[in-house]
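Subject: Structure for you to look at

Hello,

Here is the structure I said I would pass on. Please open it beside this email and follow along.

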Amino acid sequence: MSLYEIMGIITVIMGISIHVPYLVDAIKGRIKPHPFTWILWTLLTIIVFFAQVFDGAGPGAWGTGIVGAFCIAITLASLRYGFNNIKKSDIIMFVVGLMTIPLWLLTDDPTLSVIIVVVIDLIAFTPTFRKSYDKPYDEPLYHSSLNFIRHALTLFAIVNVTIATALFPLMIGVANGTLLLFLLWRRKALK
């Protein structure tokens with residue numbers, strides 16, 4: 001077994017161990033995922049998974065694929081049990097995110113596709129940041145912290161390192177680290 005395969009297996013295990021508790025917490029009402037964020041994340045994670053596969057990421061795509069499956073389940077849970085105080089800014093960001101997805105469909109270039117997807121994914125973080133400003137306990141710290149680590153490990157599992165295969169885990173890892181710091185700051189500020 002190669003180092004790439006070992007890292008790929010670790011990212012799959014991490015993806016499962018991060019998202020199962022998140023899904024359970026959402027269903028039990030302990031957290032309130034923002035549905036707009038999760039709808040976009042589902043679409044984008046699946047797009048990135050296929051872009052990584054087609055550009056030769058190898059085991060580096062395995063974690064993205066398993067997380068895509070969990071994103072579908074969490075999206076459904078967020079629609080039923082999630083955050084429902086939707087603001088105009090959430091709607092705007094959601095629509096902007098959705099409107100840019102067709103740009104991906106028009107590209108034949110995996111690199112351009114992933115760049116577009118990363119921009120949309122970062123837009124998708126916006127409703128969660130907005131919600132978390134007032135309700136920082138509606139997002140668990142384990143989710144963003146472990147996703148930060150998982151995305152960092154994904155970079156080591158990528159066989160063919162290109163912008164198309166590595167930009168998504170790099171930028172989404174940074175975004176998760178930023179969300180973690182934001183949640184810690186808001187929790188401290190509210191005490």
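A residue is called buried under 20% relative accessible area, exposed over 50%, and partly exposed in between. Ile-9 has a relative accessible area of 34%, so Ile-9 counts as partly exposed. Please keep in mind that this is a predicted model.

**Overall form**

The chain has 7 helices and 0 strands. Along the sequence the pattern reads α-α-α-α-α-α-α. Taken along the principal axes, the C-alpha atoms fill a box of roughly 45 × 35 × 30 Å. For 191 residues, a compact globule would have a radius of gyration near 16 Å, and the chain agrees because its own value is 16 Å. Of these 191 residues, 49% count as buried.

One buried example is Val-67, which belongs to helix α3 (residues 62-81). The relative accessibility of Val-67 is 5%, and because this is under 20%, Val-67 counts as buried. Val-67 and Thr-42 are 25 residues apart along the chain, and their C-alpha atoms are separated by 8.6 Å.

**The nonpolar patch**

Ile-9, the residue from the start of this email, is in helix α1. Ile-9 also helps to make a nonpolar surface patch of about 690 Å². The other members of the patch are Met-1, Leu-3, Ile-6, Ile-10, Ile-13 and Trp-62. Which helix gives the largest share of the nonpolar patch? Helix α1 (residues 3-27) does, with 5 residues. Patch members need over 30% relative accessible area, and Ile-9 has 34%.

**The aromatic pairs**

A pair of aromatic rings is described by the distance of the centres and the angle of the planes. The structure holds 11 aromatic pairs. One of them is formed by Tyr-22 and Trp-38, with 5.3 Å centre to centre and 40° between the planes, and this pair is tilted. The pair links distant parts of the chain: Tyr-22 is in helix α1, Trp-38 is in helix α2 (residues 35-54), and their positions lie 16 residues apart in the numbering. Are these two rings on buried or exposed residues? Tyr-22 is buried, with a relative accessible area of 0%. Trp-38 is buried as well, with a relative accessible area of 2%.

Tyr-133 and Trp-185 form another tilted pair, at 6.3 Å centre to centre and 50° between the planes. This pair also links distant parts of the chain, with Tyr-133 in helix α5 (residues 110-134) and Trp-185 in helix α7 (residues 163-190), 52 residues apart. Tyr-133 has a relative accessible area of 40%, which makes this residue partly exposed. Trp-185 is at 47%, and because this is not over 50%, Trp-185 counts as partly exposed too.

Both pairs belong to one cluster. Ring pairs link Tyr-22, Trp-38, Trp-41, Phe-125, Phe-129, Tyr-133, Phe-182 and Trp-185 into this cluster.

**A charge over the rings**

Which residue has its charged end over the ring of Tyr-133? Arg-186 does, at 3.7 Å from the ring centre. Arg-186 also lies over the face of Trp-185, at 5.3 Å from the centre of that ring.

When you look through the model, you could begin with Ile-9 in helix α1, then turn to the cluster that includes Tyr-22 and Trp-185, and end with Arg-186 over the ring of Tyr-133.

Regards

Note on methods:
Residues are numbered from 1 along each chain as its sequence is written. This is a predicted model: local features need pLDDT of at least 70, side-chain atom pairs count only at pLDDT 80 or more; totals for chains, interfaces and linings use all residues. Side-chain values use heavy atoms; hydrogens and water are left out. Patches are made of residues with over 30% relative accessible area and no salt bridge: like charges are joined within 9 Å, nonpolar side chains (Val, Leu, Ile, Met, Phe, Trp, Tyr) within 5 Å. Accessible areas come from the Shrake-Rupley method with a 1.4 Å probe; for residues, only the protein chains shown count as cover. A salt bridge is a side-chain nitrogen of Lys or Arg within 4 Å of a carboxyl oxygen of Asp or Glu. Helices (H or I, at least four residues) and strands (E, at least two) are DSSP runs, numbered from the N terminus. Buried means under 20% relative accessible area, exposed over 50%, partly exposed in between (1.4 Å probe, protein chains only). Rings of Phe, Tyr and Trp (its six-membered ring) pair if their centres lie within 6.5 Å; planes under 30 degrees apart count as stacked, over 60 as edge-to-face and the rest as tilted. A charge sits over a ring if NZ of Lys or CZ of Arg is within 6 Å of the ring centre and within 35 degrees of the ring normal. The radius of gyration is taken over C-alpha atoms; the globule rule is 2.2 Å times the number of residues to the power 0.38.
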